[in-house]
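Hello,

Here is the structure for you to look over. My notes on what was found in it come after.

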Amino acid sequence: MADDNQSELRTVLILRRFAFIVLMEPKLSQKFNLLKAWDSPLPQDQFLTTHARSVQALISSANGPPITAQILQLLPSLKIIATTSAGLDHVDLAECRRRGVAVVNAGKAFAEDAADAAVGQFIDVMRKISASDRYVRDGLWATRGDYPLGSKIGGKKVGIVGLGNIGLEVAKRLEAFGCSVSYNSRSERPNLSYQFYSNVCELAADSDALIICCGLTEQTRHMINKEVLCALGREGVIVNVGRGAIIDEKEMVQCLVRGEIGGAGLDVFENEPDVPKELFALDNVVLSPHQAVLTHEAFMGLGELVTGNLEAFFSNKPLLSPAVID
């Protein structure tokens, strides 16, 4: 009877086992027949060819494998990709558009948790929380005396790069701390009171800190370059919860080492999981392993969203979080 029920479920392809699937597989498998590529001894190309005609839906992750034109070509019946991230840089969107494949993403599921992490890293760098924690643990308080002063959060001018779901939540939190918020985004949002800068370098020059919340595209890759970092200045702080490659990482490392910017809070890196070793010795840098959105609550919300999107697709209803494919 259980096999009969399973055969009646709609098939959803998953190419790689990742954290979301580990947590949500029991619930997802009650609603869908999960076709798990990692369970097959076949090479991926052969596996996809075997199931090419039956797969209409796929769940993907920003951690890979990337959904390339080659993979899409092997899945001619594919009609929807549900990605478990807000960012879409791992999906060939142009090929999806050409093939008529819908893409849904995490929408607002991660926004609050990512914003919490971004503001947390900003506070950590400014108030030297992680660095002073190490100072105490290493026994230096008793031998060297008080730790150097941090900086007040209230009154700081903070520029947000990318005022989407995450950026808006960051702005709300910063306002509560008494910060002055301005932003750069693809387009101005006239309904908001925050000052808009069409030029990210000008935003940096007029900010005490930049918080990066945008997605990675051809236009935003290395958008935060040496010119922007120098405009931010020696006291300026940069926080990144977007994608590592939005910042020119080599230039940022050199600016930090030479003291040309004041500090950084980094949750994402250009070549994850590899992190520039020069950062490890810097007390004005706070690092985390791409975990800004990793909370149990966020994954539960994402599970409901992914399930809802797939159910909507198979029922010919409007999708809950369709991605904008330019």
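**Nonpolar cores**

The largest nonpolar core has 53 residues, and those touching the most other members are Phe122, Val170 and Leu174. A nonpolar core here is a set of buried Ala, Val, Leu, Ile, Met, Phe, Trp, Tyr and Cys residues joined through side-chain atoms within 4.5 Å. Buried means under 20% relative accessible area, exposed means over 50%, and partly exposed is in between (1.4 Å probe, protein chains only). Helix α6 (residues 111–127) gives the most to this core, with 9 residues.

Before going on: this is a predicted model, with pLDDT of at least 70 needed for local features and pLDDT 80 or more for side-chain atom pairs to count, while totals for chains, interfaces and linings use all residues. Residues are numbered from 1 along each chain as its sequence is written, and side-chain values use heavy atoms, with hydrogens and water left out.

Not counting residues up to four places away in sequence, Phe122 touches Ile153, Lys156, Val158, Leu174, Cys179, Ala209, Ile211, Val237 and Val239 (contact means heavy atoms within 4.5 Å). Another core, of 30 residues, lies apart from the largest one; among its members are Val200, Cys214, Val228 and Ile246.

**The sheet of 7 strands**

One open sheet has 7 strands in the order β8-β7-β6-β9-β10-β11-β12, with parallel pairing. Helices (H or I, at least four residues) and strands (E, at least two) are DSSP runs numbered from the N terminus, and two strands pair if DSSP finds at least two bridges between them. The edges are β8 (195–196) and β12 (285–287); each has a single partner strand, so one side of each is left without a neighbour in the sheet.

Strands β10 (residues 237–240) and β11 (residues 263–266) run parallel and are joined by 4 bridges. Ile238 has Ala264 in β11 as its bridge partner. Helix α9 (residues 165–176) lies across β6 (157–161), β7 (180–184) and β9 (209–212), at about 170° to β6. For such angles, axes are lines fitted to C-alpha atoms (for helices over the stretch in contact), and values run from 0 to 180 degrees between N-to-C directions.

**The sheet of 5 strands**

A further open sheet has 5 strands, ordered β2-β1-β3-β4-β5, also with parallel pairing. At its edges stand β2 (32–36) and β5 (102–104), each with a single partner strand, so one side of each has no neighbour in the sheet. From one strand to the next, the twist averages 25°. Strand β1 (residues 10–14) runs parallel to β3 (residues 57–60), and 3 bridges join them. Val12 stands opposite Ala57 in β3.

Helix α2 (residues 19–31) packs on this sheet, touching β1, β2 and β3, and its direction makes about 135° with that of β2. Helix α13 (residues 296–314) also packs on the sheet, touching β1, β2, β3, β4 (80–83) and β5; its direction makes about 170° with that of β4.

**Helix α2 and Phe47**

The buried residues of α2 are Phe20, Ile21, Met24, Glu25 and Leu28, and they pack against β1, β2, β3 and α13. α2 bends by about 65° at Glu25, with a proline, Pro26, following within four residues. The bend is the angle between axes fitted to the seven residues ending at a residue and the seven starting there.

Phe47 is in helix α3 (residues 44–50) and counts as buried at 5% relative accessibility. Leaving aside neighbours within four places in sequence, Phe47 is in contact with Leu13, Leu35, Lys36, Ala37, Ser40 and Leu42.

Regards
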